[in-house]
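Subject: Structure for you to look over

Hello,

Here is the structure I said I would pass on. My notes on what was found in it follow below.

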Amino acid sequence: MTIAEGGSASVQGLEADRGMISRTSTAERVAGVLRTRIAEGFFLPGVRLSEHDIGSALGVSRNTLREAFRLLTHERLLTHELNRGVFVRVLPVEDVVDLYKVRKVVECSAVRAVTEKPPTFAKLARLVEDGRIAERSERWQDLGTANIRFHSAIAELSGSERIDELMRGILAELRLVFHMMADPRRFHEPYLKRNAEILERIEAGDGLGAEKLLAQYLTDAENQLVEAYAERSQTQPGT
């Protein structure tokens, strides 16, 4: 058999995989929808996800949905429990610390490189304004969403698609952590002003100044969340 013939045979063998590729690409799109919904706070930690309800709502097969669940389980957003089903993951405090380690590396690096007003400044400013609108309407979940999107846009200053993809998963996990806060207004509202202060430094092209504000912001948020986990453990000894 010639090399050309061997190549032809290999291509023909791929035909059997055509359905799998189509199903996988659909599963990735479904996973993207669910990831976004998790990041926006629509699915709470510990909630069981119904294959029937979600599959019907999205118009996808059970196999496709299960593949999407598998992808999100790999991303640590869902967990599968034998004979019980798929649940939105409840993150332990160790994950909170790890998430903030990643955020400090990625976000601080992104703003540090700013030396002039970036081309995406209008997007950053719009997201801060979205937070103000949510605050005035007392829509605290929406304020949390605006906050997450603002910090995703900060990471985008790095100009790396891989970092953007990483941060989408990180910030979706973070939303699950935010649900631990008993008073979302008390948690989210003070950080809106701090986002605006970071935005001012970015507009001025002061990357080092923005980094200093952001590093303290992330440290304070991490400490607040870790404290909330500790308080929850004291009130729920079995957790």
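Arg37 and Glu40 form a salt bridge in this predicted model, with 3.9 Å between the closest N and O atoms. The cut-off for such a pair is 4 Å, so this one qualifies. The two partners differ in exposure: Arg37 is partly exposed, at a relative accessible area of 37%, whereas Glu40 is buried, at 16%.

A second pair is Glu211 with Arg112, where the closest N and O atoms are 2.9 Å apart. Glu211 belongs to helix H10 (residues 207–235) and Arg112 to helix H5 (residues 93–112), so this salt bridge ties together parts that are 99 residues apart in sequence. Glu211 has a relative accessibility of 18% and counts as buried. Arg112, at 40%, counts as partly exposed.

The third pair is Arg136 with Glu129, with the closest N and O atoms 3.3 Å apart. Here Arg136 is exposed, at 59% relative accessibility, and Glu129 is partly exposed, at 30%. There is also a network: Arg76, Arg89, Asp95 and Glu173 are joined by salt bridges that share partners. Over the whole structure, the search finds 20 salt bridges. As background, side chains of opposite charge can pair when their charged atoms come close.

Now the fold. The chain has 10 helices and 3 strands. In sequence order the pattern is α-α-β-α-α-β-β-α-α-α-α-α-α.

The 3 strands make an open sheet, ordered S1-S3-S2, with antiparallel pairing. Strand S1 (48–49) and strand S2 (78–81) are the edge strands; each has a single partner strand, so one side of each has no neighbour in the sheet. S1 and strand S3 (residues 85–88) run antiparallel and are joined by 2 bridges. In one of the details you can check on screen, Leu49 has Val86 in S3 as its bridge partner. Helix H4 (residues 62–74) packs on the sheet and touches S1, S2 and S3. The direction of H4 makes about 115° with that of S2. In general, strands of a sheet pair through backbone hydrogen bonds, either parallel or antiparallel.

Which helix is largely enclosed by the rest of the structure? That description applies to H7, because 13 of its 17 residues are buried. H7 covers residues 140–156. From its first C-alpha to its last, H7 reaches 24 Å, close to the 24 Å expected at 1.5 Å a residue.

Some totals for the chain:

- Of its 239 residues, 41% count as buried.
- Taking contacts between residues at least 6 apart in sequence, 76% join residues at least 24 apart.
- The accessible surface comes to about 13500 Å², and 51% of that belongs to carbon and sulfur atoms.

If you want a place to begin, here is a short list of the items above:

- Glu211 and Arg112, the salt bridge between helix H10 and helix H5.
- Arg76, Arg89, Asp95 and Glu173, the salt-bridge network.
- Helix H4, where it packs on the sheet.
- Helix H7, with 13 of its 17 residues buried.

Regards

Methods: Residues are numbered from 1 along each chain as its sequence is written. This is a predicted model: local features need pLDDT of at least 70, side-chain atom pairs count only at pLDDT 80 or more; totals for chains, interfaces and linings use all residues. Side-chain values use heavy atoms; hydrogens and water are left out. Two strands pair if DSSP finds at least two bridges between them. Helices (H or I, at least four residues) and strands (E, at least two) are DSSP runs, numbered from the N terminus. Contact means heavy atoms within 4.5 Å. Axes are lines fitted to C-alpha atoms, for helices over the stretch in contact, and angles run from 0 to 180 degrees between N-to-C directions. The expected span of a helix is 1.5 Å times one less than its number of residues. Buried means under 20% relative accessible area, exposed over 50%, partly exposed in between (1.4 Å probe, protein chains only). A salt bridge is a side-chain nitrogen of Lys or Arg within 4 Å of a carboxyl oxygen of Asp or Glu. Accessible areas come from the Shrake-Rupley method with a 1.4 Å probe; for residues, only the protein chains shown count as cover.
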